[in-house]
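Colleague: I am new to this structure. Please take me through one part of it closely, a sheet and the loop beside it.

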Amino acid sequence: MKFNLSKIWILLIVGFTLFTACEDDMSSITSQEAFKDITGSWQVIQLKRNGEDLSERMNLHDFRMDFKEDGTYSLAEKLPFLTQGTGNYELNDPQYPFSLILTSEQQESHTVKFQFPVVDGRRQLSLTFSLGCTSNSYEYNFERVNQDQ
Amino acid sequence: MRKPIQNLIYLYIIIGSAVTLLLMHCGLKALTVTVPQQAKAGEQVTFVMHSGAEPRIEGSGKYTTQLVAGMMVPKSWNARKNAVLTFTSPKGNGTMRLIADSEIEPVSGLSWHQAAKKMFGIGPNLVDDFEWIIYRSTQSYTFANNEDINFDVKVECHVGHENMLVRLGFYVGSSIENLRPNDTDYKKFTFSNVLEVVDGEGDLIDFVNPQLGTVQPVKSSDNDIITLSFNSGVSSTVLDGQQDIYLHVSAFDEKDERIATVNIQQDKSKLIKSAGKKFLIDLWPRGYFELSKDQQITRLEYFFTDLSGEKVVGYGNTDEPFKYTFRCE
């Protein structure tokens, strides 16, 4: 019992020393949330309608969306999406975005729920919105094309 | 050093077991409901849930909780805005309050309404266009041992404007127990017999009986992705035994003029085999019919066929087409 107690004391002292030794360095590190960069070509890997996964049943292979550095987007072809063709995009907050604003060439503006998670080590872009009736919700999950390269 | 910690753990286990034993037999009586067989569209109807409490608490222990009650109704009824829940019991009467969406049910991490939907589902109904709505009494009530009571929860609600056949869901529970998956004592739920809503708008929405052809979601526009299903197990048809089922479909505009038809057997129109004898096809109508921006579809007429296109099944296994009208409300 005595041996165990002395062991614990030694560990505590060593731990405290290490902790205090790093204190100045730790406090000098400042972290800043990175700006979210969504530029690139994104391919739909999952599509959910009202929580039901339609990915296995629908051919999503050609469903791509490109976000360019000049603030424009383009959709690969006519797809079930909020907007068609090309337009401009903007995150509501580049550091802490929770929505993506898409403005078509016809100046129609759509605000969609935005998430930018990392799933299984791969960055995903998740957009949630209604296509037709507001009672129906669609969640599109994209992955960057050629993300591994 | 380890002994006090071990003793503390034993103490927690003993206290936990004691609490479990004290409340082990405490719970709610089985839930039954009184629901009319028929109602007119838009009419206000009354549903009554009958249940009770059976507190079995040893010693001088007390059990204090609030009554929780809820129901599952079609979304189109808009029950959140028009339903009123009241309860009567020997311990007091009162009006129940809708639990806010922002309040999280602790076990599931979802709102109470979402948690109830996840836990109780849609019961015997076959098509999902329902919402669970959960209410709670404004006051707490304290029970002593063997203080058995019966209580009724009355729901007054408008049934909406659509013709339908539906089985409604009901739930009663105890606020402090939440919606624990393994609990069978403190949450009681049931589904009603069939309620028929008549004299309403549009085609009959049959949530209850198996249909040869169904469409999901029940409410959609031509810019939604819809799923058309062919349930070949419902009745014997000329397509029995066929492995390849195709869709023949026509789209109509607001003037009820046919604006597009896809009636050839190709990959685009082929249904996917699903569970059992079910086939389905997911399509985005605006893309499927290659509509221009100014065109709009108000309804569809469709049949299911074999590869040759000669064997055709329509509504109710007749020559009449299945029909689906796009509407959001």
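Modeller: Here is a walk through one sheet of chain B, then a few related backbone points. Keep in mind that this is a predicted model.

Start with the sheet. Four strands of chain B form an open sheet in the order β15-β16-β20-β19. The pairing is antiparallel. Strands in a sheet pair through backbone hydrogen bonds, in either a parallel or an antiparallel way. Two strands stand at the edges: β15 (213-216) and β19 (272-273) of chain B. Each has a single partner strand, so one side of each is left without a neighbour in the sheet.

Now look at β15(B). Its partner β16 of chain B covers residues 226-231, and four bridges join the two. In one of the pairings, Thr214(B) has Ser229(B) as its bridge partner in β16(B).

Next comes the loop. Pro217(B) lies between β15 and β16 of chain B. The peptide bond joining Gln216(B) and Pro217(B) is cis, with omega about -10 degrees. Most peptide bonds are trans, and most residues other than glycine have a negative phi.

Phi gives two further cases. Glu290(B) is not a glycine, yet its phi is positive, near 50 degrees. This residue sits in the loop between α4 (285-288) and β21 (299-305) of chain B. Glu290(B) is exposed, with 10 other C-beta atoms within 10 Å. In chain A, Asp120(A) has a positive phi of about 50 degrees and is not a glycine either. Its loop runs between β8 (118-119) and β9 (122-129) of chain A. Asp120(A) is exposed too, with 5 other C-beta atoms within 10 Å.

Note on methods. Residues are numbered from 1 along each chain as its sequence is written. Chains are lettered from A and ligands numbered from 1 in the order in which they are written. This is a predicted model: local features need pLDDT of at least 70, side-chain atom pairs count only at pLDDT 80 or more; totals for chains, interfaces and linings use all residues. Two strands pair if DSSP finds at least two bridges between them. A residue is buried if 20 or more other C-beta atoms lie within 10 Å of its own, exposed if 12 or fewer, and partly exposed in between; C-beta atoms are placed from the backbone.
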